[in-house]
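Good morning, everyone, and thank you for making room for this short talk. Please have the sequence and the model open in front of you while I speak.

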Amino acid sequence: MLQRDAGREPSLDGPAHDGMSAREGRIEALLPSGSDWEREWRRAAEAQYDQHMGEIGRELDQDILIALVGDVNAGKSSTLNRIVGEPVAGVGAEPGETAIIKPYLFKDRIFFVDTPGLNDVRVENSQLTMDYYRKADIILFFLNAAGTVYSEAEKRSFEAIRDANANIVIVLNKIDAADEVERIVERVRMETGGRFEVVPVSSRTGENIDRLRASILELLRKKSKDLLFARNMKEKSAAANKWILGAAASAGAIGAAPIPGADIVPITAVQIGLLTRLAVLYGRPISKETARELVLATVVGNIGKSVFRQVVKLFPGAGSIAGASVAGAMTLALGYAVKYAYEHDMEISTATVTKLYGMFRKQQGSAGA
């Protein structure tokens, strides 16, 4: 079973696991240079790096618009502050007082637009407000668990917004001041049609904010905008864990049912894609050469240098290099190793990461024992 790294920090003392020592950090120490398969693999790895960085560049070159809807007492501002991990100015619309509802630039192409319920929007602004709802990537529809939950006015607003844009997360706030929260959640879910996520939170205590943040990132992932939002949150670990687990699952699927030809290329693509996203998430650029060496060291360390050399002799027409469990486990450990290094301000070098990688692989072995 793939294990998460939560609460378990690796020790950097002692030799690295899986035959991956610091002295084997460089590609030249791992494999002989100059052969056709090595040049082919380098080209494939570098092409994957260029492709992923291009995709990331396009993703970051987009705007994100998140609309917040709800009564002034629903705690929109305090919840938003919890989500991003810092005070967000420019939100806090008052019922009937906002002359013009307009988006507020949070940072880095992320915009929030805050509105009261549609019933409190001035008539002359109602069409403009609906236009924002239609354009929004996500609509956070706030309800007050300690108040009159899903009133007739809120129902009318919700139904009008739902018809314009179905990318809605219902935020049931102030659960710390409410009774029978699960019952309220089920009632709201049923009354809103049963197809929208209802997330009960407390902006005062922070309860379930991680769950709400994950729901937002999942909706943005479907639009290829989750990286832009995640990199601007103070809390990055949960997003990183999600990507690491997803990459491990993808690598495992490749290992279980390899495509015709060598599975080293698709596994390399998955791992380099993960490394580039983690680098952008933590704001620590990773070079093409470093990404390539880390992936190669991971693969070689798991199947052994002699086996690797035999497999890649026929590259790219070789067979499978790893089964599902190995492919998934090595991707998981690589991701957690790089994440650990970023979060502890460590150098992203082959020697450092392979030591961390070995420790995480050892943890996986202990957990599965």
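Let me begin with a question: which element gives the largest share of the lining of the largest pocket? Before I answer, please keep in mind that what we are looking at is a predicted model. The answer is helix H10, which contributes 6 residues to that lining. The pocket itself holds about 440 Å³ of space, and the elements that give two or more residues to its lining are helix H2, covering residues 36–60, helix H9, and helix H10, covering residues 264–281. In total 18 residues line the pocket, and those lying nearest its centre are Trp243, Ala247, Gly273, Leu274 and Arg277. If you sort the lining by chemical character, you find 6 nonpolar, 6 polar and 6 charged residues.

Two of the residues I just named deserve a second look together. The charged end of arginine 277 sits over the ring of tryptophan 243, at 4.5 Å from the centre of that ring.

That brings me to charges. As a general point, side chains of opposite charge can pair when their charged atoms come close. How many salt bridges does a search of the whole structure find? The search gives 22 of them, and I would like to walk you through three.

In one of these, aspartate 108 meets arginine 231, with 3.3 Å from N to O. Aspartate 108 belongs to the loop between strand S2 (104–107) and strand S3 (110–115), while arginine 231 belongs to the loop between helix H8 (226–230) and helix H9 (237–256), so this salt bridge ties together parts that are 123 residues apart in sequence. Aspartate 108 is partly exposed, with a relative accessible area of 33%, and arginine 231 is partly exposed as well, at 29%.

The next salt bridge joins arginine 213 to aspartate 210, whose closest N and O atoms are 2.6 Å apart. Both residues lie in helix H7, which runs over residues 209–221, and they are 3 residues apart, about one turn of the helix. Is arginine 213 buried or exposed? With a relative accessible area of 6%, arginine 213 is buried. Elsewhere, salt bridges that share partners join Glu59, Asp226 and Arg277 into one network, and you will recognise Arg277 as one of the residues nearest the centre of the largest pocket.

My third example pairs arginine 183 with glutamate 180, where the closest N and O atoms are 3.2 Å apart. Here arginine 183 is partly exposed, at 47% relative accessible area, whereas glutamate 180, at 53%, counts as exposed.

Now let us turn to the aromatic rings. A pair of aromatic rings is described by the distance of the centres and the angle of the planes. The structure holds 7 aromatic pairs. In one of them, the rings of phenylalanine 106 and phenylalanine 112 have their centres 5.7 Å apart and their planes at 50 degrees, so this pair is tilted. Phenylalanine 106 is buried, with a relative accessible area of 11%, and phenylalanine 112 is buried too, with 1%. Another tilted pair is formed by tyrosine 336 and phenylalanine 360, with 6.0 Å from centre to centre and 45 degrees between the planes. This pair links distant parts of the chain, since tyrosine 336 is in helix H13 (residues 324–343) and phenylalanine 360 is in helix H14 (residues 350–368), 24 residues apart. Both tyrosine 336 and phenylalanine 360 are buried. In addition, ring pairs link Phe141, Tyr150, Phe158 and Phe196 into a cluster.

Finally, a word about the backbone. Most residues other than glycine have a negative phi, and most peptide bonds are trans. Which residue in the loop between H13 and H14 should we then look at? That residue is aspartate 345, which has a positive phi of about 55 degrees although it is not a glycine. At 63% relative accessibility, aspartate 345 counts as exposed. Serine 224, found in the loop between H7 and H8, likewise has a positive phi, near 55 degrees, but serine 224 is partly exposed, with a relative accessible area of 42%.

Note on methods. Residues numbered from 1 in each chain as written. Predicted model: local features only at pLDDT ≥ 70, side-chain atom pairs only at ≥ 80, totals over all residues. Heavy atoms only, no water. Salt bridge = Lys/Arg side-chain N within 4 Å of Asp/Glu carboxyl O. Helix = DSSP H or I, 4+ residues; strand = E, 2+ residues; numbered from the N terminus. Buried < 20%, exposed > 50% of the residue type's maximum accessible area, 1.4 Å probe, protein only. 1 Å grid on protein atoms, 1.4 Å probe; cavity = no way out; pocket = protein on both sides within 12 Å on 5 of 7 lines; lining within 4 Å. Points joined across faces, edges and corners; volume = space filled by probe spheres on them. Nonpolar A, V, L, I, M, F, W, Y, C, P; charged D, E, K, R; others polar. Phe/Tyr/Trp six-rings, centres within 6.5 Å; stacked < 30°, edge-to-face > 60°. Lys NZ or Arg CZ within 6 Å of the ring centre and 35° of its normal.
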